[in-house]
Amino acid sequence: MFSKIRLLVRNSHGFVVKTSVRCLRSQIPIVLQSKDSSDDRSTSGNLTHFGYQTVPEEEKDKKVYKVFEDVAESYDLMNDAMSMGIHRLWKDAFVEELGPTPGSKLLDMAGGTGDIAFRLLKYLSNTQAADKRESHLTVSDINQHMLNVGKAKAEKLEYRDKANCVLDWVCADAENLQFEDNTYTAYTIAFGIRNCTHIDKVLSEAYRVLAPGGRFLCLEFSHLTNETLQKIYDTYSFEVIPPMGQILAGQWDAYQYLVESIRRFPRKDEFVQMIRSAGFSHVTYRDLSLGICSIHSGFKLK
(Lines give C-alpha, C1' and ligand atoms only; values in the text may rest on other atoms or scores of the structure.)
Protein backbone atom coordinates (compact mmCIF):
# COMPACT_ATOMS: atom_id res chain seq x y z
CA MET A 1 0.00 0.00 0.00
CA PHE A 2 2.80 2.38 0.86
CA SER A 3 4.54 2.00 -2.53
CA LYS A 4 1.33 2.61 -4.48
CA ILE A 5 0.62 5.80 -2.57
CA ARG A 6 4.14 7.12 -3.09
CA LEU A 7 4.00 6.31 -6.81
CA LEU A 8 0.69 8.11 -7.17
CA VAL A 9 2.09 11.19 -5.46
CA ARG A 10 5.07 11.22 -7.82
CA ASN A 11 2.93 10.89 -10.91
CA SER A 12 0.44 13.54 -9.81
CA HIS A 13 2.70 16.16 -8.26
CA GLY A 14 6.20 15.50 -9.49
CA PHE A 15 9.41 16.72 -7.93
CA VAL A 16 7.91 18.99 -5.27
CA VAL A 17 6.06 16.20 -3.46
CA LYS A 18 8.96 13.75 -3.77
CA THR A 19 11.21 16.29 -2.14
CA SER A 20 8.70 16.86 0.66
CA VAL A 21 8.46 13.14 1.39
CA ARG A 22 12.23 12.83 1.59
CA CYS A 23 12.26 15.78 3.95
CA LEU A 24 9.69 14.07 6.15
CA ARG A 25 11.83 10.93 6.24
CA SER A 26 14.73 12.95 7.53
CA GLN A 27 12.55 14.45 10.24
CA ILE A 28 11.17 11.16 11.61
CA PRO A 29 14.30 10.13 13.60
CA ILE A 30 14.28 13.55 15.24
CA VAL A 31 10.63 13.08 16.18
CA LEU A 32 11.31 9.67 17.67
CA GLN A 33 14.29 10.90 19.66
CA SER A 34 12.46 13.84 21.16
CA LYS A 35 9.01 12.36 21.74
CA ASP A 36 9.72 11.58 25.39
CA SER A 37 10.80 15.10 26.25
CA SER A 38 8.27 16.94 28.35
CA ASP A 39 10.15 20.19 27.67
CA ASP A 40 9.34 19.79 23.97
CA ARG A 41 5.64 20.26 24.71
CA SER A 42 6.03 23.14 27.14
CA THR A 43 4.88 26.65 26.43
CA SER A 44 6.51 29.91 27.33
CA GLY A 45 4.55 33.05 28.09
CA ASN A 46 1.80 33.46 25.50
CA LEU A 47 3.40 31.02 23.08
CA THR A 48 2.04 27.57 22.29
CA HIS A 49 2.44 24.84 19.71
CA PHE A 50 0.77 24.44 16.35
CA GLY A 51 2.07 21.03 15.40
CA TYR A 52 5.84 21.43 15.57
CA GLN A 53 5.70 25.20 15.16
CA THR A 54 5.87 27.57 18.11
CA VAL A 55 3.29 30.32 17.62
CA PRO A 56 1.41 32.95 19.68
CA GLU A 57 -1.72 31.52 21.29
CA GLU A 58 -4.09 33.71 19.32
CA GLU A 59 -2.38 32.66 16.09
CA LYS A 60 -2.89 28.97 16.89
CA ASP A 61 -6.62 29.54 17.30
CA LYS A 62 -6.77 31.07 13.82
CA LYS A 63 -4.58 28.38 12.27
CA VAL A 64 -6.63 25.51 13.75
CA TYR A 65 -9.84 27.17 12.60
CA LYS A 66 -8.42 27.45 9.07
CA VAL A 67 -7.34 23.79 9.07
CA PHE A 68 -10.85 22.55 9.79
CA GLU A 69 -12.46 25.14 7.56
CA ASP A 70 -10.36 23.77 4.70
CA VAL A 71 -10.96 20.08 5.38
CA ALA A 72 -14.62 20.19 6.46
CA GLU A 73 -16.07 18.88 3.20
CA SER A 74 -13.54 16.04 2.89
CA TYR A 75 -13.12 15.26 6.59
CA ASP A 76 -15.13 12.02 6.62
CA LEU A 77 -13.42 10.74 3.47
CA MET A 78 -9.99 11.44 4.91
CA ASN A 79 -10.83 9.73 8.20
CA ASP A 80 -11.71 6.59 6.27
CA ALA A 81 -8.59 6.80 4.13
CA MET A 82 -6.16 7.55 6.97
CA SER A 83 -7.43 4.83 9.30
CA MET A 84 -8.59 2.36 6.64
CA GLY A 85 -12.05 2.67 8.19
CA ILE A 86 -10.96 1.64 11.68
CA HIS A 87 -12.01 5.02 13.11
CA ARG A 88 -15.59 3.83 12.74
CA LEU A 89 -14.92 0.95 15.15
CA TRP A 90 -13.20 3.29 17.61
CA LYS A 91 -16.20 5.61 17.60
CA ASP A 92 -18.62 2.70 18.00
CA ALA A 93 -16.63 1.52 21.03
CA PHE A 94 -16.62 5.07 22.41
CA VAL A 95 -20.42 5.39 22.29
CA GLU A 96 -20.92 1.89 23.68
CA GLU A 97 -18.62 2.81 26.56
CA LEU A 98 -20.93 5.71 27.41
CA GLY A 99 -24.13 3.75 26.89
CA PRO A 100 -26.54 6.73 26.98
CA THR A 101 -30.01 6.09 28.37
CA PRO A 102 -33.35 7.75 27.49
CA GLY A 103 -33.74 11.06 29.27
CA SER A 104 -30.02 11.87 29.07
CA LYS A 105 -28.82 15.39 28.37
CA LEU A 106 -25.70 15.05 26.24
CA LEU A 107 -23.07 17.52 25.06
CA ASP A 108 -20.80 16.44 22.20
CA MET A 109 -17.97 18.96 21.89
CA ALA A 110 -15.86 19.26 18.75
CA GLY A 111 -18.82 17.42 17.28
CA GLY A 112 -18.17 18.79 13.82
CA THR A 113 -19.57 16.53 11.14
CA GLY A 114 -21.71 14.56 13.60
CA ASP A 115 -19.88 11.23 13.72
CA ILE A 116 -20.35 10.80 17.48
CA ALA A 117 -23.73 12.56 17.63
CA PHE A 118 -25.29 10.25 15.04
CA ARG A 119 -23.97 7.20 16.86
CA LEU A 120 -25.50 8.53 20.08
CA LEU A 121 -28.83 8.98 18.32
CA LYS A 122 -28.67 5.48 16.86
CA TYR A 123 -27.83 4.02 20.27
CA LEU A 124 -30.81 5.82 21.81
CA SER A 125 -33.09 4.70 18.99
CA ASN A 126 -32.19 1.08 19.76
CA THR A 127 -32.71 1.46 23.50
CA GLN A 128 -36.00 0.24 24.86
CA ALA A 129 -37.48 2.27 27.72
CA ALA A 130 -40.91 1.91 29.25
CA ASP A 131 -41.34 5.62 29.98
CA LYS A 132 -40.02 6.81 26.57
CA ARG A 133 -38.33 9.82 28.15
CA GLU A 134 -37.09 12.49 25.75
CA SER A 135 -33.33 12.94 25.48
CA HIS A 136 -31.45 16.10 24.52
CA LEU A 137 -28.25 16.19 22.47
CA THR A 138 -26.24 19.36 21.85
CA VAL A 139 -23.59 19.11 19.14
CA SER A 140 -21.05 21.88 19.52
CA ASP A 141 -17.97 22.94 17.59
CA ILE A 142 -15.93 26.13 17.34
CA ASN A 143 -15.99 25.82 13.54
CA GLN A 144 -19.29 26.64 11.86
CA HIS A 145 -18.15 25.02 8.61
CA MET A 146 -17.85 21.66 10.34
CA LEU A 147 -21.27 22.10 11.95
CA ASN A 148 -22.83 22.93 8.59
CA VAL A 149 -21.59 19.62 7.19
CA GLY A 150 -23.04 17.77 10.18
CA LYS A 151 -26.40 19.53 9.98
CA ALA A 152 -26.73 18.64 6.30
CA LYS A 153 -26.01 14.98 7.08
CA ALA A 154 -28.50 15.00 9.96
CA GLU A 155 -31.38 15.74 7.60
CA LYS A 156 -30.87 12.33 5.97
CA LEU A 157 -30.93 10.25 9.17
CA GLU A 158 -33.63 7.60 9.13
CA TYR A 159 -33.52 6.85 12.88
CA ARG A 160 -33.60 10.44 14.16
CA ASP A 161 -37.30 10.44 15.13
CA LYS A 162 -37.10 7.00 16.67
CA ALA A 163 -34.38 8.21 19.06
CA ASN A 164 -36.88 10.63 20.71
CA CYS A 165 -34.10 13.16 21.12
CA VAL A 166 -33.99 16.92 20.66
CA LEU A 167 -30.92 17.77 18.56
CA ASP A 168 -29.25 21.19 18.76
CA TRP A 169 -26.23 22.55 16.88
CA VAL A 170 -24.26 25.26 18.69
CA CYS A 171 -21.10 27.04 17.62
CA ALA A 172 -19.03 27.39 20.80
CA ASP A 173 -15.47 27.50 22.13
CA ALA A 174 -14.66 24.48 24.32
CA GLU A 175 -12.46 26.74 26.48
CA ASN A 176 -15.29 29.19 27.22
CA LEU A 177 -18.71 27.57 26.97
CA GLN A 178 -21.94 29.57 27.13
CA PHE A 179 -23.84 26.69 28.75
CA GLU A 180 -25.03 26.85 32.37
CA ASP A 181 -23.42 25.03 35.26
CA ASN A 182 -24.52 21.51 36.22
CA THR A 183 -26.49 20.94 33.02
CA TYR A 184 -25.40 17.80 31.20
CA THR A 185 -25.52 14.09 31.96
CA ALA A 186 -22.48 13.40 29.79
CA TYR A 187 -19.81 15.38 27.95
CA THR A 188 -18.12 13.69 24.99
CA ILE A 189 -15.24 14.91 22.87
CA ALA A 190 -13.65 12.79 20.14
CA PHE A 191 -10.41 13.67 18.36
CA GLY A 192 -10.86 17.33 19.26
CA ILE A 193 -9.22 18.17 22.56
CA ARG A 194 -5.67 18.01 21.20
CA ASN A 195 -6.49 20.92 18.87
CA CYS A 196 -7.38 23.22 21.76
CA THR A 197 -4.82 25.74 23.00
CA HIS A 198 -5.56 25.29 26.73
CA ILE A 199 -6.51 21.70 27.47
CA ASP A 200 -6.83 22.53 31.17
CA LYS A 201 -9.51 25.13 30.39
CA VAL A 202 -11.41 22.63 28.24
CA LEU A 203 -11.42 20.12 31.11
CA SER A 204 -12.45 22.80 33.61
CA GLU A 205 -15.38 23.84 31.41
CA ALA A 206 -16.38 20.21 30.92
CA TYR A 207 -16.48 19.76 34.69
CA ARG A 208 -18.48 22.97 35.16
CA VAL A 209 -21.28 22.14 32.71
CA LEU A 210 -21.67 18.53 33.84
CA ALA A 211 -24.31 17.79 36.46
CA PRO A 212 -23.26 15.92 39.62
CA GLY A 213 -22.94 12.27 38.65
CA GLY A 214 -22.17 13.28 35.06
CA ARG A 215 -19.49 11.61 32.98
CA PHE A 216 -16.64 13.03 30.91
CA LEU A 217 -15.57 10.81 28.02
CA CYS A 218 -12.75 11.63 25.61
CA LEU A 219 -11.58 9.68 22.56
CA GLU A 220 -8.16 10.82 21.41
CA PHE A 221 -5.07 9.61 19.58
CA SER A 222 -2.32 8.44 21.86
CA HIS A 223 1.14 6.87 21.92
CA LEU A 224 1.77 3.16 21.47
CA THR A 225 3.49 1.38 24.34
CA ASN A 226 5.57 -0.77 21.94
CA GLU A 227 8.49 1.29 20.64
CA THR A 228 8.92 -0.72 17.43
CA LEU A 229 5.24 -0.37 16.54
CA GLN A 230 5.40 3.33 17.39
CA LYS A 231 8.24 3.80 14.88
CA ILE A 232 6.25 1.99 12.19
CA TYR A 233 3.21 4.12 13.02
CA ASP A 234 5.30 7.31 12.88
CA THR A 235 6.67 6.33 9.48
CA TYR A 236 3.17 5.69 8.16
CA SER A 237 1.86 8.93 9.66
CA PHE A 238 4.54 11.21 8.25
CA GLU A 239 5.16 9.53 4.90
CA VAL A 240 1.63 8.52 3.92
CA ILE A 241 -0.98 10.74 5.57
CA PRO A 242 0.13 14.19 4.28
CA PRO A 243 0.50 12.94 0.68
CA MET A 244 -2.87 11.25 0.99
CA GLY A 245 -4.33 14.54 2.20
CA GLN A 246 -2.92 16.22 -0.89
CA ILE A 247 -4.36 13.60 -3.23
CA LEU A 248 -7.85 13.31 -1.72
CA ALA A 249 -8.42 16.81 -0.36
CA GLY A 250 -5.72 19.04 -1.84
CA GLN A 251 -4.54 19.68 1.73
CA TRP A 252 -0.96 18.61 2.50
CA ASP A 253 -0.29 21.18 5.26
CA ALA A 254 -3.57 20.54 7.11
CA TYR A 255 -2.87 16.84 7.44
CA GLN A 256 0.77 17.44 8.27
CA TYR A 257 -0.52 19.49 11.21
CA LEU A 258 -2.97 16.76 12.26
CA VAL A 259 -0.13 14.22 12.36
CA GLU A 260 2.12 16.56 14.33
CA SER A 261 -0.65 17.47 16.77
CA ILE A 262 -0.97 13.81 17.77
CA ARG A 263 2.73 13.74 18.74
CA ARG A 264 2.29 16.92 20.80
CA PHE A 265 -0.63 15.60 22.82
CA PRO A 266 0.19 14.61 26.42
CA ARG A 267 0.89 10.97 27.12
CA LYS A 268 -1.86 8.93 28.71
CA ASP A 269 -0.68 9.11 32.33
CA GLU A 270 -0.10 12.85 32.01
CA PHE A 271 -3.55 13.38 30.54
CA VAL A 272 -5.10 11.29 33.33
CA GLN A 273 -3.53 13.63 35.85
CA MET A 274 -4.87 16.67 33.98
CA ILE A 275 -8.40 15.20 34.12
CA ARG A 276 -8.05 14.60 37.86
CA SER A 277 -6.74 18.12 38.39
CA ALA A 278 -9.93 19.46 36.79
CA GLY A 279 -11.90 17.81 39.60
CA PHE A 280 -12.95 14.50 38.06
CA SER A 281 -12.98 11.25 40.04
CA HIS A 282 -12.58 7.59 39.07
CA VAL A 283 -10.42 8.62 36.11
CA THR A 284 -9.44 5.74 33.82
CA TYR A 285 -8.40 5.08 30.24
CA ARG A 286 -8.73 2.18 27.83
CA ASP A 287 -6.46 1.64 24.84
CA LEU A 288 -7.83 0.81 21.41
CA SER A 289 -5.82 -0.78 18.59
CA LEU A 290 -2.68 -1.26 20.70
CA GLY A 291 -2.83 2.30 21.96
CA ILE A 292 -3.17 4.21 18.69
CA CYS A 293 -6.04 5.92 20.45
CA SER A 294 -7.54 5.76 23.93
CA ILE A 295 -10.85 6.35 25.66
CA HIS A 296 -10.43 8.51 28.77
CA SER A 297 -13.20 8.59 31.38
CA GLY A 298 -13.94 10.59 34.51
CA PHE A 299 -16.94 11.38 36.72
CA LYS A 300 -18.15 14.55 38.41
CA LEU A 301 -19.33 13.29 41.77
CA LYS A 302 -20.44 16.57 43.36
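**View 1. Buried cysteines in the predicted model.** Cys 293 has a relative accessibility of 0% in this predicted structure and is therefore counted as buried. Cys 218 is likewise assigned as buried, its relative accessible area being 0%. The number of disulfides found is zero. For Cys 218, which takes part in no disulfide, the nearest cysteine sulfur belongs to Cys 196 and lies 9.5 Å away.

**View 2. The open, seven-stranded sheet.** The strands follow the order 5-4-3-6-7-9-8, and their pairing is mixed. Strand 5 (165-171) and strand 8 (281-288) form the edges, each pairing on one side only. Between neighbouring strands of this sheet the average turn is 15°, with direction ignored.

**View 3. The pairing of strand 3 with strand 6.** Strand 3, comprising residues 105-109, runs parallel to strand 6, comprising residues 184-190, and four bridges join the two. One position to inspect is Leu 106, whose bridge partner in strand 6 is Ala 186.

**View 4. Helix 5 against the sheet.** Helix 5, formed by residues 115-125, lies across strand 3, strand 4 (135-141), strand 5 and strand 6. Relative to strand 4, the helix runs at about 170°.

**View 5. The largest nonpolar core.** This core contains 34 residues, and those with the most contacts inside it are Trp 90, Leu 121, Leu 137, Leu 219 and Phe 221. At least two residues are supplied by each of several elements, including helix 4 (86-98), helix 6 (144-154), strand 7 (210-221) and strand 9 (293-299). Helix 5 makes the greatest contribution to the core, giving six residues. A second core, separate from this one, has 28 residues, among them Leu 107, Ala 172, Tyr 187 and Tyr 207.

**View 6. The surroundings of Leu 137.** When neighbours within four places in sequence are set aside, the residues in contact with Leu 137 include Ala 117, Leu 120 and Leu 121. Contacts are also made with Leu 106 and Asp 108, as well as with Cys 165, Val 166, Leu 167 and Asp 168. Leu 137 is itself one of the residues with the most contacts inside the largest nonpolar core.

**View 7. The protein as a whole, for orientation.** The protein has 10 helices and nine strands. Of its 302 residues, 53% count as buried. Among contacts between residues at least 6 apart in sequence, 74% join residues at least 24 apart. The exposed area is about 14,200 Å², of which carbon and sulfur atoms supply 51%.

How values were computed:
Residues numbered from 1 in each chain as written. Predicted model: local features only at pLDDT ≥ 70, side-chain atom pairs only at ≥ 80, totals over all residues. Heavy atoms only, no water. Pairing = 2+ DSSP bridges. Axes fitted to C-alpha atoms, helices over the stretch in contact; angles between N-to-C directions. Contact = heavy atoms within 4.5 Å. Core = buried A, V, L, I, M, F, W, Y, C linked by side-chain atoms within 4.5 Å. Buried < 20%, exposed > 50% of the residue type's maximum accessible area, 1.4 Å probe, protein only. Areas by Shrake-Rupley, 256 points an atom, 1.4 Å probe, with all protein chains shown as cover. Disulfide = S-S within 2.5 Å.
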